[in-house]
Amino acid sequence: MGANMVLGARRIDLEDGSMASKLYGGLTQIVERQRHRYEVNEKYIAQMEEAGLMFRGRDMTGERMEVIELREDLGHPFF
């Protein structure tokens, strides 16, 4: 992955039971329009998840992180 612009409608696969899935009425696949250059360096994903930043939605290839949430035990009411 590089600094490519992400444009247009993209399918996002949500983790079942995640806050995002619940907010979308229990759906595990959604389509959202996007325009960004944000990416997550894959070598840091495990370290970030251990710290409580959970990646709950990925693009249809499973490579690009699209939805993040804080782990529930960290106590934030809506992240």
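## The nonpolar core

Let's start on the inside of this predicted model. Its largest nonpolar core is made of 5 residues: Ile12, Leu14, Ala20, Ile30 and Val67.

Ile30 is a good one to click on. Setting aside residues up to four places away in sequence, Ile30 touches Arg10, Arg11, Ile12, Leu14 and Tyr24. Two of those contacts, Ile12 and Leu14, sit with Ile30 in the core itself.

## The overall layout

Now zoom out. The chain has 2 helices and 4 strands, and reading from the N terminus the order is β-α-β-α-β-β. Of its 79 residues, 27% count as buried.

How much of the contact network links residues 24 or more positions apart? Among contacts with a separation of 6 or more, such pairs make up 45%.

## The β3 and β4 hairpin

The last two elements in that order are both strands, and they go together: β3 and β4 form a hairpin, with 5 residues between them. In the turn you'll find Gly62, which has a positive phi of about 80°. The two strands pair in the antiparallel sense, over 5 bridges. If you want a spot to check by eye, look at Met54, which stands opposite Glu69 in β4.

Why does β3 count as largely enclosed by the rest of the structure? Strand β3 covers residues 53-59, and 5 of its 7 residues are buried, so the rest of the structure largely encloses it.

## Around Glu15 and Ser21

Next, a pair of residues that touch each other. Glu15 lies in the loop between β1 (6-14) and α1 (19-23), while Ser21 has its place in helix α1. Which of the two is buried and which is partly exposed? Ser21 counts as buried because its relative accessibility is 2%, under the 20% cut-off. Glu15, at 36%, falls between the 20% and 50% cut-offs, so it counts as partly exposed.

Their contacts are worth tracing too, again leaving out neighbours within four places in sequence. Glu15 touches Ser21, Phe55 and Arg56. Ser21 is in contact with Leu14, Glu15, Asp16, Gly26, Leu27 and Thr28; one of these, Leu14, also belongs to the largest nonpolar core.

A couple of distances help with finding your way around. The C-alpha atoms of Glu15 and Gly26 are separated by 9.8 Å, with the two residues 11 apart along the chain. For Ser21 and Gly57, which are 36 residues apart along the chain, the C-alpha separation is 8.9 Å.

## The largest pocket

Finally, some empty space. The largest pocket holds about 170 Å³. What lines this pocket? The residues are Gln34, Arg35, His36, Tyr38, Glu39, Val40, Met65, Glu66, Val67 and Ile68. Two elements give two or more residues each to the lining: β2 (29-36) and β4 (65-70). The largest share, 4 residues, comes from β4, which is also the strand that makes the hairpin with β3.

Sorted by class, the lining has 5 nonpolar, 2 polar and 3 charged residues. Val67 ties the story together: this residue is part of the pocket lining and also of the largest nonpolar core, where this tour began.

Terms used: Residues are numbered from 1 along each chain as its sequence is written. This is a predicted model: local features need pLDDT of at least 70, side-chain atom pairs count only at pLDDT 80 or more; totals for chains, interfaces and linings use all residues. Side-chain values use heavy atoms; hydrogens and water are left out. On a 1 Å grid over the protein atoms alone, a cavity is a set of points where a 1.4 Å probe fits but cannot get out, and a pocket is an open set with protein on both sides within 12 Å along at least five of seven lines; lining residues have an atom within 4 Å of a point. Grid points are joined across faces, edges and corners, and a volume is the space filled by probe spheres set on the points. Ala, Val, Leu, Ile, Met, Phe, Trp, Tyr, Cys and Pro count as nonpolar, Asp, Glu, Lys and Arg as charged, and the others, Gly among them, as polar. Buried means under 20% relative accessible area, exposed over 50%, partly exposed in between (1.4 Å probe, protein chains only). Two strands pair if DSSP finds at least two bridges between them. A nonpolar core is a set of buried Ala, Val, Leu, Ile, Met, Phe, Trp, Tyr and Cys residues joined through side-chain atoms within 4.5 Å. Contact means heavy atoms within 4.5 Å.
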